[in-house]
Amino acid sequence: MKKHILLSTVCLCMTGAYISQETAASSHREAPNITRYPTLDSTDFYVFNSYESGRSGYVTLIANYVPLQDAYGGPNYFALDTAADYNIHIDSDGDAVEDLTFQFNFDNNLAADGAGIQLAIGPDGAQKQIAIPLKNAGGIAAGDNSALNFTEQYTLNLVQGPVRSGSSSTITGSGGETTFTKPWDYIGDKTFGSTSAYQDYANQYIYNISVPGCSADGRVFVGQRSDAFAVNLGESFDLVNYVPVEGDSSPGAGDGGGFPGGITQDIANDDLRNKNVTTFALELPASCIVGDGNGVIGAWTTAYVPQARIQNPNATFEKPEVNGGAKVQISRLSNPLVNEVVIGLPDKDKFSTATPADDGQFADYVTHPSFPELLNILFRDAVNSTLGTNFETIAPTNFPREDLVAAFLTGFPGVNQQATVTPSEMLRLNTAIPAIPASQQSPYGVVGDDLAGFPNGRRPGDDVVDIALRVVMGRLCYEFPVNGTPTNLGYCEPSDANVGNAPFTDGAPLSATDLDESFPYLKTPVAGSPN
């Protein structure tokens, strides 16, 4: 009966609505093989009902790639792979097979019809035209790219049906254009003038697009953005080199009234605060992507490259290599910290190349997760010593972990399951739950009594690390408020998770107020050379 309490509670305020309990988070360098291909490494994936004013009825999907960009990383900065397919997949009916794929393909070009900007070098009568070594020769501004020596363009196609066998059609801009431009990275303020000037420049490349089968236009943007994800990255993967429980009575209180010695919220704990990423952002009418399902969509992002890549021994700008063979998937992302802390090291590369329909092979990692036991090994004795308890374990003991199976693989009956239930790892969004303004969003999403947030999809301001830590350590075994009503989903009980109601945190704060409130939502990138 308890599994249906949440649905009943939601229906009191919103007939026909569904809540997603799926999770999503960052995946910077999450598997051994992908570390060799940073241009193909998907770092974060967001799916949410648009909350920009006047955009009700739209869904925004954001896939970030190229992790841990240092803004000063010149002189070539962060171009994308011209041989790759960058994909955003949508499953509208729950069979774990994409019904729609939005596919991005890139091409790089030098100025002067491929010759590049050249300067006259030498004395009169003996001058030679010599190509410059940099990607720009002067200042760049909105409407003036004359000093830009290097440009990236992309095409956007819609594949309807399975990505490998479906029918593909071209997505055009509202002006009929079939090629779009990616703005040059924010290399510094001598080039662009200021942060606001760079933003004016980048805003030129937000396009209205005509999507086949849609009666209303969507929008697209591809370009560098400040990394929206907040995480205590270095210390977390150094055997969690902090006490991962809130040390204040409430986040940011500054009173030390929480867990003794626990970490407190500080922007300095966010190792990504000065990093950039490359963002693929789509905003689409919800009516165009829900298909014949129940209004809940599943989504994920992938990158494909040709199976064979042979280096050119006499490389040129146009042909540094030769690519051939079928396209193969090399990266994949939807749900939170899955490949980092759920999938075992022997299977990380396999997971990166698998499809959601094949996720049954990874079920043991969800039903019997090892990460909570690692935390138990690291912190049980300290917890018992600090609290005067005698816990045999601080890891949840409800095996198989049906709470995590529902969260990661199936959704919850009557809540966020799609029309067909196929165990699969996808980020699920209920398009029927209205978005709420940024000022009213809880960074803790659903467990923060905010039905429009994570784990109902994921918004940029949702603190998914804290929520994921809590869910893995047994938060769903306890009641949490839904529209103010304490609710237990019924998959486990408090006795199954000794510390499941502890406010686990990495101490890196995040909220919607840290982001923009309009498309593409992620903030202007960090400047490589600020004034």
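These are my notebook entries on the overall build, the pockets and the cavities of this structure.

**Entry 1: the whole chain**

I started with what kind of model this is, and it is a predicted one. Next I looked up the secondary structure: the chain has 10 helices and 18 strands.

Then I wanted the overall dimensions. Along its principal axes, the C-alpha trace spans about 90 × 50 × 45 Å. I also looked up the radius of gyration, which is 24 Å for the chain. That agrees with a compact globule, because a globule of 531 residues would have a value near 24 Å.

How much of the chain is buried? I found that 55% of the 531 residues count as buried. On the outside, the chain exposes about 20,800 Å², and carbon and sulfur atoms supply 52% of that area.

I checked the contacts too, taking those with a separation of 6 or more. Residues 24 or more positions apart account for 69% of them.

**Entry 2: the largest pocket**

On to the empty space. Rolling a probe the size of a water molecule over the atoms shows where such space is left.

The largest pocket has a volume of about 760 Å³. I counted off its lining at 34 residues. Which of them lie nearest the centre? They are Ser-236, Phe-237, Glu-340, Val-341 and Phe-371.

I then asked which helices take part. Helix 4 (233–236), helix 5 (338–342), helix 8 (371–387) and helix 10 (464–472) each supply at least two lining residues. Helix 8 gives the largest share, with 5 residues.

By class, I noted 22 nonpolar, 7 polar and 5 charged residues in this lining.

**Entry 3: the second largest pocket**

The second largest pocket comes to about 610 Å³. It is lined by 23 residues, and the ones closest to its centre are Thr-82, Asn-108, Phe-150, Phe-317 and Pro-320.

Here I found strands in the lining: strand 4 (100–110) and strand 15 (321–333) each supply at least two residues. The largest share is from strand 4, with 4 residues.

My class tally for this second lining reads 11 nonpolar, 6 polar and 6 charged.

**Entry 4: one residue on helix 8**

Since helix 8 had turned up in the largest pocket, I picked a residue from that helix, Ile-377.

Is Ile-377 buried or exposed? Its relative accessibility is 61%, and exposed means over 50%, so Ile-377 counts as exposed.

I also looked up a distance from this residue. Pro-336 is 41 residues away from Ile-377 along the chain, and the two C-alpha atoms are separated by 22 Å.

**Entry 5: the cavities**

Last, I went through the closed spaces. How many cavities of 30 Å³ or more does the structure hold? There are 4. The largest cavity has about 70 Å³ of space.

I wrote down the residues that line the largest cavity: Val-338, Val-342, Ile-343, Phe-351, Asp-359, Phe-362, Val-366, Phe-408, Leu-409 and Glu-425. By class, that lining has 8 nonpolar and 2 charged residues, with no polar ones.

Helix 5 and helix 9 (402–410) each supply at least two of the cavity's lining residues. I had already met helix 5 in the lining of the largest pocket, where it also supplies at least two residues.

Note on methods
Residues are numbered from 1 along each chain as its sequence is written. This is a predicted model: local features need pLDDT of at least 70, side-chain atom pairs count only at pLDDT 80 or more; totals for chains, interfaces and linings use all residues. Side-chain values use heavy atoms; hydrogens and water are left out. On a 1 Å grid over the protein atoms alone, a cavity is a set of points where a 1.4 Å probe fits but cannot get out, and a pocket is an open set with protein on both sides within 12 Å along at least five of seven lines; lining residues have an atom within 4 Å of a point. Grid points are joined across faces, edges and corners, and a volume is the space filled by probe spheres set on the points. Ala, Val, Leu, Ile, Met, Phe, Trp, Tyr, Cys and Pro count as nonpolar, Asp, Glu, Lys and Arg as charged, and the others, Gly among them, as polar. The radius of gyration is taken over C-alpha atoms; the globule rule is 2.2 Å times the number of residues to the power 0.38. Buried means under 20% relative accessible area, exposed over 50%, partly exposed in between (1.4 Å probe, protein chains only). Contact means heavy atoms within 4.5 Å. Accessible areas come from the Shrake-Rupley method with a 1.4 Å probe; for residues, only the protein chains shown count as cover.
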